[in-house]
Amino acid sequence: RVWVEGEISNLRIPRSGHAYFVLKDADAAINCVCFRGRLSNLKFELKDGDRIEVRGNAAAYTPRSEYQIIVDSARPAGLGELMQRFLELRDKLKAEGLFDAERKRPLPPLPRTVGIVTSATGAALQDMLNVMDRRAAGLTILVSPCAVQGAAAAREIASALRRLNRDGRAEVIVVGRGGGSIEDLWAFNEEPVVRAVAASKIPVVAGVGHETDTTLTDYAADLRAPTPSAAAEIVTAGYSRFMEMLEKA
């Protein structure tokens with residue numbers, strides 16, 4: 001029987017009602033499961049990035065030859081390191097005015113050229129291309145490829161944004177990637193990326209992760225979309241409205 005303190009990561013609560021997550025610190029990580037009955041007794045909600053202390057039994061999960069903690073109780077231990085960094089940078093950039101509503105620009109109603117900043121090999125790119133092709137065939141799309149997670153991702157995303165701005169042909173830019181854990185999406189919380197979004201001379205739509213994911217890039221962008229596909233729908237929405245008007249004419 002053990003007490004372990006760490007930061008929650010990759011939290012999942014499927015239909016079974018059991019909570020599966022990773023508890024980690026700078027040096028190690030261990031899988032945890034809190035079954036539905038125990039989970040309902042907790043006096044707080046488990047969230048990615050929160051630092052907690054859990055009590056439970058260390059056990060082996062034989063099918064994967066992994067150790068895990070079967071959690072029977074937990075208590076908050078303060079904000080996790082990543083969440084603390086998120087809040088500190090958010091407050092700093094907000095004080096500088098980077099998130100002010102007055103800075104937000106309208107999107108072009110019928111853009112002829114759209115820029116996309118994302119991974120060249122990710123599913124998110126194909127989803128966006130499919131949506132744009134279906135809703136606005138003939139649209140010119142400029143893909144500025146970059147890594148979207150990992151140590152080099154923040155630098156590459158910022159460079160990809162600046163590349164499209166230097167090119168100057170795009171009338172609107174979509175910055176996006178699919179969902180993931182807080183660590184997977186962390187590049188979009190890095191200061192170089194947020195500043196590059198805020199400094200863009202071209203309007204930016206952020207479509208990062210799933211609907212419940214929020215990054216600092218979302219705050220700095222001219223418009224936030226809940227998913228990459230939704231971002232593609234937003235930038236081509238004018239074409240749908242235009243076709244409806246033609247059909248009624």
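In this predicted model, Ser65 is exposed, its relative accessible area being 68%. The residue sits in the loop that joins β4 (50-61) to β5 (66-79), and, although Ser65 is not a glycine, its phi is positive, at about 55°. Such a value deserves a remark, because most residues other than glycine have a negative phi. A positive phi also occurs at Asn10, where the angle is near 55° and the residue is again something other than glycine. Asn10, however, belongs to a strand, β1, which covers residues 2-12. With a relative accessible area of 38%, Asn10 counts as partly exposed, because that class lies between the limit of 20% for buried residues and the limit of 50% for exposed ones.

The interior of the model can be described through its nonpolar cores. The largest of these contains 38 residues, and the members that touch the most others are Val117, Ile157, Leu161, Ile173 and Val175. At least two residues of this core come from each of the elements α2 (81-95), α4 (153-167), β8 (172-177), α5 (191-199), β9 (204-208) and α6 (216-220). The greatest contribution is that of α4, which provides seven residues. A second core, made up of 17 residues, lies apart from the largest one and includes Ala136, Leu139, Ala231 and Ala232.

The surroundings of Leu161 illustrate how parts of the chain that are separate in sequence come together in the model. When neighbours within four places in sequence are left aside, Leu161 is in contact with Val117, with Ile173 and Val175, with Val193, Ala196 and Val197, and with Val204.

Helix α2, one of the elements that supply the largest core, can be examined in further detail. This helix consists of 15 residues and spans 21 Å from its first C-alpha to its last, which is close to the 21 Å expected at 1.5 Å a residue. Its buried residues are Leu82, Met83, Phe86, Leu89 and Leu93. When the helix is viewed down its axis, the buried residues of α2 fall within an arc of 135°, and they therefore line one face of the helix. On the face turned away from this buried side, α2 carries the exposed residues Glu81 and Ala95. After the helix comes Gly97, whose phi is positive and near 90°; unlike Ser65, which has a positive phi although it is not a glycine, the residue that follows α2 is a glycine.

Terms used. Residues numbered from 1 in each chain as written. Predicted model: local features only at pLDDT ≥ 70, side-chain atom pairs only at ≥ 80, totals over all residues. Heavy atoms only, no water. Core = buried A, V, L, I, M, F, W, Y, C linked by side-chain atoms within 4.5 Å. Buried < 20%, exposed > 50% of the residue type's maximum accessible area, 1.4 Å probe, protein only. Helix = DSSP H or I, 4+ residues; strand = E, 2+ residues; numbered from the N terminus. Contact = heavy atoms within 4.5 Å. Expected span 1.5 Å × (residues − 1). Arc of directions from axis to C-beta.
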